[in-house]
Amino acid sequence: CKGRYAHQKTVDLDVIKSWDRTSLLNFVAGVIDTDGSVYVDKWNNLSIAAEMQACPVIEALQYAFLALVHN
């Protein structure tokens with residue numbers, strides 16, 4: 001994703017599926033750092049949001065979250 005415009009960002013999901021837990025956490029942290037937010041709502045629920053034009057990156061983020069929860 002580095003060095004690309006928002007609409008040009010893409011990821012290879014097969015590569016991401018081969019990553020270990022640390023690499024997945026780094027990917028999630030990087031996306032949230034640049035295109036996301038983390039906050040606690042008035043009911044004390046943790047919310048994590050990411051917003052960008054690149055659908056493949058959002059899909060990879062979704063995969064990463066699910067993989068982190070199930071490992």
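**Entry 1: aromatic pairs**

I searched the whole of this predicted model for aromatic pairs and found 1. The partners are W19 and F27, with ring centres 5.9 Å apart and planes at 65°. I recorded the pair as edge-to-face because that angle exceeds the cut-off of 60 degrees. I then looked up the accessibility of each partner. W19 has a relative accessible area of 32% and is partly exposed. F27, at 12% relative accessibility, counts as buried.

**Entry 2: overall layout**

I next noted the architecture. The protein has 3 helices and 2 strands, and read from the N terminus the order of elements is α-α-β-β-α. Along the principal axes, I noted a C-alpha trace spanning about 35 × 30 × 15 Å. The chain has 71 residues, of which 20% count as buried. For the accessible surface I noted about 5300 Å², with 52% of it belonging to carbon and sulfur atoms. I also looked up the contacts between residues at least 6 apart in sequence: 54% of them join residues at least 24 apart.

**Entry 3: the nonpolar core**

Which residues have the most contacts inside the largest nonpolar core? I found L24, F27 and V28, in a core of 13 residues. Helices α2 (21-35) and α3 (55-70) each supply at least two residues of this core. The largest share, 6 residues, comes from α3. F27 thus appears both in the aromatic pair and among the core residues with the most contacts.

I followed L24 further. Not counting residues up to four places away in sequence, L24 touches I16, W19, Y63, A64, A67 and L68. W19, one of these, is the partly exposed partner of the aromatic pair.

**Entry 4: two leucines of α3**

I compared two positions in the helix. L61 lies in α3 and, at 5% relative accessibility, counts as buried. Leaving aside neighbours within four places in sequence, L61 is in contact with F27, V28, V31 and A50. Two of these, F27 and V28, are named among the core residues with the most contacts. For V31 I looked up the C-alpha separation from L61: 7.9 Å, although the two residues are 30 apart along the chain.

L66 also lies in helix α3. Is L66 buried or partly exposed? I found a relative accessible area of 46%, so L66 is partly exposed, the value falling between the limits of 20% and 50%. From L66 I noted the C-alpha distance to N45, 21 residues away along the chain, as 18 Å.

**Entry 5: the strands and their loop**

I turned to the surface and found a nonpolar patch formed by V38, V40, L46 and I48. Together these residues have about 370 Å² of accessible area. Strands β1 (36-40) and β2 (46-50) each supply at least two residues of the patch. V40, for one, is found in β1. I set this beside a general expectation: in soluble globular proteins, nonpolar side chains tend to be buried together. The patch formed by V38, V40, L46 and I48 is instead on the surface.

Where is N44 placed? I located N44 in the loop between β1 and β2. The residue has a positive phi of about 70° although it is not a glycine. N44 has a relative accessible area of 64%; I therefore entered N44 as exposed, the cut-off being over 50%.

Key: Residues numbered from 1 in each chain as written. Predicted model: local features only at pLDDT ≥ 70, side-chain atom pairs only at ≥ 80, totals over all residues. Heavy atoms only, no water. Patch = residues over 30% accessible without salt bridge, like charges linked within 9 Å, V, L, I, M, F, W, Y side chains within 5 Å. Areas by Shrake-Rupley, 256 points an atom, 1.4 Å probe, with all protein chains shown as cover. Salt bridge = Lys/Arg side-chain N within 4 Å of Asp/Glu carboxyl O. Helix = DSSP H or I, 4+ residues; strand = E, 2+ residues; numbered from the N terminus. Core = buried A, V, L, I, M, F, W, Y, C linked by side-chain atoms within 4.5 Å. Buried < 20%, exposed > 50% of the residue type's maximum accessible area, 1.4 Å probe, protein only. Contact = heavy atoms within 4.5 Å. Phe/Tyr/Trp six-rings, centres within 6.5 Å; stacked < 30°, edge-to-face > 60°.
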